[in-house]
Amino acid sequence: MFKEITQKILDLLKADQTLNQTVKKWYFGFPVEAFAYPFIAVRWVGGPVTVMTGSKERYQIDFEVAVVDSSQKEDEAEKQVMDLVEKIDEILDNNPTLDGLVDDSHISEIRSETGLTEKGSILVGALIMLTTFKTKI
């Protein structure tokens, strides 16, 4: 279930023409090192399981979608990451069941970070928390 949902999120994002033309690298899980920017990575975080009856459980499954870009210009990476996050938000909002793989989902948090690389370029990253719900019988 967890691998399938992670892959579905990646597949839905890759299927978007704007993202596919812009993103240089896609990752299932977070990369140890990255050399191509911008990149998008999706990783499974986990979440609570609620027992509803003896044979029915409700899973809350959280995923993180990382969007990272780098640039020599001070605002270029920041603007690019914002554009990509807005596009991801739109794609996931328009398909809350992830093509029927989960009962429902929503973006529960978006955070960003900015830093400098050793080479003096600016590195900007955003982390999108996608919370999904799946009832298992």
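**Group meeting: contacts and packing in a predicted model**

Let me start inside. Thr-132 is buried, at a relative accessible area of 0%. Keep in mind that this is a predicted model. Thr-132 sits in strand β6. What does Thr-132 touch, leaving out residues up to four places away in sequence? Tyr-59, Gln-60, Ile-61 and Phe-63 are among the contacts. So are Leu-98, Val-102, Asp-104 and Ser-105.

Pick up Leu-98 from that list. Leu-98 lies in the loop between α3 and β5. Leu-98 is buried too, with a relative accessible area of 0%. The backbone here deserves a look. Leu-98 has a positive phi, about 50 degrees, and is not a glycine. Asp-99 also shows a positive phi, about 60 degrees, again without being a glycine. Asp-99 belongs to the loop between α3 and β5. Buried or exposed, for Asp-99? Exposed, at 51% relative accessibility.

One more backbone point. The peptide bond between Tyr-37 and Pro-38 is cis, with omega at about -5 degrees. Pro-38 is in the loop between β1, residues 25–28, and β2.

Back to β6 for another residue. Leu-123 is in this strand. Leu-123 is partly exposed, with 29% relative accessible area. Leu-123 touches Tyr-37, one residue of that cis bond. Other contacts of Leu-123 include Val-68, Asp-69, Ser-70 and Glu-113. From Leu-123 to Ala-77 is 7.0 Å, C-alpha to C-alpha, with their positions 46 residues apart in sequence.

Ala-77 takes us to helix α3. The helix runs over residues 76–93, 18 residues in all. From its first C-alpha to its last, α3 reaches 26 Å, close to the 26 Å expected. Which residues of α3 are buried? Ala-77, Val-81, Leu-84, Val-85, Lys-87, Ile-88, Ile-91 and Leu-92. Seen down the axis, these buried residues fall within an arc of 165 degrees, so they line one face of the helix. The general geometry helps here. An α-helix has 3.6 residues a turn, so residues three or four places apart point the same way. On the face turned away from the buried side, α3 carries exposed Lys-79 and Glu-86.

What covers the buried residues of α3? Helices α1 and α2 are part of the cover. Strands β2, β4, β5 and β6 also contribute.

Note Lys-87 among the buried residues of α3. Lys-87 forms a salt bridge with Asp-16, with the closest N and O atoms 3.6 Å apart. This pair links distant parts of the chain: Lys-87 is in helix α3, Asp-16 is in the loop between α1 and α2, and they are 71 residues apart. Asp-16 is buried as well, at 15% relative accessibility.

How many salt bridges does the structure hold? The count is nine. Arg-58 and Asp-103 make one of them, at 3.2 Å, N to O. Here strand β4 supplies Arg-58, and the loop between α3 and β5 supplies Asp-103, 45 residues apart. Both ends are partly exposed: Arg-58 at 27%, Asp-103 at 36%. Lys-73 and Glu-76 form another, with the closest N and O atoms 4.0 Å apart. Lys-73 is exposed, at 53%. Glu-76 is partly exposed, at 42%. There is also a network of salt bridges, which links Arg-43, Glu-64, Glu-109 and Arg-111.

Arg-43 has a second role in this talk. Arg-43 lies over the face of Phe-30, 5.3 Å from the ring centre.

That brings in the rings. The structure holds three aromatic pairs. Phe-2 and Trp-44 have ring centres 4.5 Å apart and planes at 20 degrees, so this pair is stacked. Phe-2 is in helix α1 and Trp-44 in strand β2, 42 residues apart. Phe-2 is partly exposed at 29%, and Trp-44 is partly exposed at 41%.

Now Tyr-27 and Phe-39. Their ring centres are 5.3 Å apart and their planes at 85 degrees, so the pair is edge-to-face. Tyr-27 lies in β1 and Phe-39 in β2, so the pair ties together parts twelve residues apart in sequence. Both count as buried: Tyr-27 at 16%, Phe-39 at 6%. Finally, Tyr-27, Tyr-37 and Phe-39 form one aromatic cluster.

Terms used
Residues numbered from 1 in each chain as written. Predicted model: local features only at pLDDT ≥ 70, side-chain atom pairs only at ≥ 80, totals over all residues. Heavy atoms only, no water. Helix = DSSP H or I, 4+ residues; strand = E, 2+ residues; numbered from the N terminus. Expected span 1.5 Å × (residues − 1). Buried < 20%, exposed > 50% of the residue type's maximum accessible area, 1.4 Å probe, protein only. Arc of directions from axis to C-beta. Contact = heavy atoms within 4.5 Å. Phe/Tyr/Trp six-rings, centres within 6.5 Å; stacked < 30°, edge-to-face > 60°. Lys NZ or Arg CZ within 6 Å of the ring centre and 35° of its normal. Salt bridge = Lys/Arg side-chain N within 4 Å of Asp/Glu carboxyl O.
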